[in-house]
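The exercises below are to be worked with the sequence and the model on screen. Each task is followed by a solution in steps.

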Amino acid sequence: MDQKPTPVRRHHWIVRAAHWLNAVLLLGMIASGLQIYNAFAHFGPRGRPYLPNPWDGDPFPAPVRLGGWLAGGLNWHFALAWPLVLTGLVYLIYLLASGEWRSLLFRPRDVPAAWRMQLYYLRLRREHPPQGKHNALQKAAYSFIILLGVLAVLTGYAIYKPVQLSWLTALFGGYELARYWHFWAVWLFVAFTVVHVLLVFLVDPASLRAMITGWYRGRFPSHD
Amino acid sequence: MTDLSRRDLFRLGLLAGSASLATACGWQGGPLAPKLRAFSRVNDWVGERLFSKNRLAPEYSIAQRTPDRQFPAYARTRGYPRLAEPAGWALQVGGLVRNPLRLTLEMIQAMPSVTYTVKHHCVEGWTAIGTWTGVPVSVILGLAEPTAEAGYLRFDSFDARYFNGWDLKSAMHPQTILAYAFNDRPLGPARGAPLRLYSPVKLGYKLTKYLTAMTFTAERPGGYWEDMGYPWLGGI
């Protein structure tokens, strides 16, 4: 018989609320964003060859769109941007103030542990390497997704106000490229979410409950 | 405590579920759509605060121009709207002004002009570079002398019922002009001949073509697309 693991307090309510709010808001942002994309399904200035895009010239079908038409998509996108940015800011402030960023931020010293973890996933190593709250690959993934969130927001403002915020637009290589990066952020979010959800169910299903109730009863109870 | 938060999160799950369901229908927003449009005014307010009359849109070289044929042109009228009597055309400047004006094309072309090569941003997401020549709207303002009550400008056209409402700050921007030439040639019927509004600080749908009148108002005028749900400010 399995020994019942002692429950540990894992996620503060701010983290849980931010996680689920973000999931809903991001879904709305992506769906309204695809609606906006449909108005001009290319990247790059007029009169030049368009930038590489597997969906070039392909509008997205209604089931994945929000807003119904361009104006509707814009209104959803610009309204949802507020709670999305606020949720992100509250989460980042919490990470810094609580010191929890320490167990989340991927640093150069995590590279060897990330390698061991990769070997385990590739079945080249039998035992799961010891880990704290997050293993090194998780740290890499979560650090990356926070950075991606920041970049998605910044590229968004760069194409929202390319004249008033021209310095920001220039930082991303100009309006057309900023719009291009903004679009690619979508697919990185989607890819992350697929892997994230798969790993939750395949490796550590107890983490789903922890993200809902805050209590973790799984196989990685240490909390560094 | 745990039960309560579980119930709350269950509700959150329901919300997420209904959001995905709503998404799954290409939903406009139903009862939320008017609220979204009202909320769009909050973004307009922020956009007006962010706007600076002194911040100029970058200029480009002639070599960077988009070829004429690749620079899209739109009108509400099928084909392009044309005047029956082009010679009789004049721009009416009125509303809350001390000096109402009737300006012919010759009078406008005799005024101090600016020429710039700038990037055009369409709300759809495309961009194109072109050269525009015209009179700054601020010059017309100086002649008409709007009264203290004037807070907005309404631009009317002879293209179906197309019109736009503008905030005075954007209208006074040095790059906001009444244009009569595009890429060194007189404006053609596709570009808004004989006179159109142009500015690199707003999206294309704010740039009224085929101008007939410029009216100063106290109330905020809507606009053709704006009244259907597009952001009113359209500032970039």
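Two strands pair if DSSP finds at least two bridges between them. Helices (H or I, at least four residues) and strands (E, at least two) are DSSP runs, numbered from the N terminus. The model is a predicted one, in which local features need pLDDT of at least 70 and side-chain atom pairs count only at pLDDT 80 or more, while totals for chains, interfaces and linings use all residues. Residues are numbered from 1 along each chain as its sequence is written, and chains are lettered from A and ligands numbered from 1 in the order in which they are written.

**Exercise 1. The open sheet of chain B**

Determine the strand order of the open sheet of five strands in chain B, and identify its edge strands.

Step 1. Chain B contains five helices and 10 strands.

Step 2. The order in the open five-stranded sheet is S2-S1-S10-S5-S6, and the pairing is mixed.

Step 3. Strand S2 (101–103) and strand S6 (163–167) of chain B each pair on one side only, which makes them the edge strands.

Step 4. S1 (residues 91–95) and S10 (residues 211–217) of chain B are joined in the parallel sense by four bridges. Within this pair, B:Val93 has B:Met214 as its bridge partner.

Step 5. S5 (residues 152–157) of chain B pairs with S10(B) in the antiparallel sense, over six bridges. Here B:Arg154 is bridged to B:Thr215, and B:Asp156 stands opposite B:Ala213.

Step 6. Direction ignored, neighbouring strands of the sheet are turned by 15° against each other on average. Axes are lines fitted to C-alpha atoms, for helices over the stretch in contact, and angles run from 0 to 180 degrees between N-to-C directions.

**Exercise 2. Two helices of chain A**

Describe how H1 and H2 of chain A pack, giving the angle, the axis distance and the handedness of the crossing.

Step 1. Chain A has seven helices and two strands, in the sequence pattern β-α-α-α-α-α-α-α-β.

Step 2. H1 (residues 13–37) and H2 (residues 70–98) of chain A pack at about 155°, and their axes are 8 Å apart.

Step 3. H1(A) and H2(A) are therefore roughly antiparallel to each other (angles under 35 degrees count as roughly parallel, over 145 as roughly antiparallel, 65 to 115 as roughly perpendicular and the rest as oblique).

Step 4. The crossing of H1(A) with H2(A) is left-handed; that is, the near helix is turned anticlockwise from the far one by less than a right angle, whereas clockwise would be right-handed.

Step 5. The residues of this helix contact comprise 16 nonpolar, nine polar and no charged. Ala, Val, Leu, Ile, Met, Phe, Trp, Tyr, Cys and Pro count as nonpolar, Asp, Glu, Lys and Arg as charged, and the others, Gly among them, as polar.

**Exercise 3. Two prolines**

Is B:Pro112 buried or exposed, and how many other C-beta atoms lie within 10 Å of A:Pro83?

Step 1. A residue is buried if 20 or more other C-beta atoms lie within 10 Å of its own, exposed if 12 or fewer, and partly exposed in between, with C-beta atoms placed from the backbone.

Step 2. B:Pro112 sits in the loop between helix H3 (105–109) and strand S3 (114–121) of chain B. With 7 other C-beta atoms within 10 Å, B:Pro112 is exposed.

Step 3. A:Pro83 belongs to helix H2 of chain A. For A:Pro83 there are 15 other C-beta atoms within 10 Å, so this residue is partly exposed.

Step 4. From C-alpha to C-alpha, B:Pro112 and B:Gly134 are 8.4 Å apart, at a sequence distance of 22 residues. A:Pro83 and A:Leu25 are 7.6 Å apart in space and 58 residues apart in sequence.

Step 5. For the chains as wholes, buried residues are 39% of the 236 in chain B and 32% of the 224 in chain A.

**Exercise 4. The contact between the chains**

State how many residues each chain gives to the contact, and which element of chain B supplies the largest share.

Step 1. Two residues are in contact if their C-beta atoms, placed from the backbone, lie within 7 Å.

Step 2. Chain B contributes 45 residues and chain A 37 residues.

Step 3. On the side of chain B that touches chain A, helix H1 (2–23), helix H2 (32–50) and strand S4 (127–136) of chain B each supply at least two residues. The largest share, 10 residues, comes from H1(B).

Step 4. By class, this side of chain B has 25 nonpolar, 16 polar and four charged residues.
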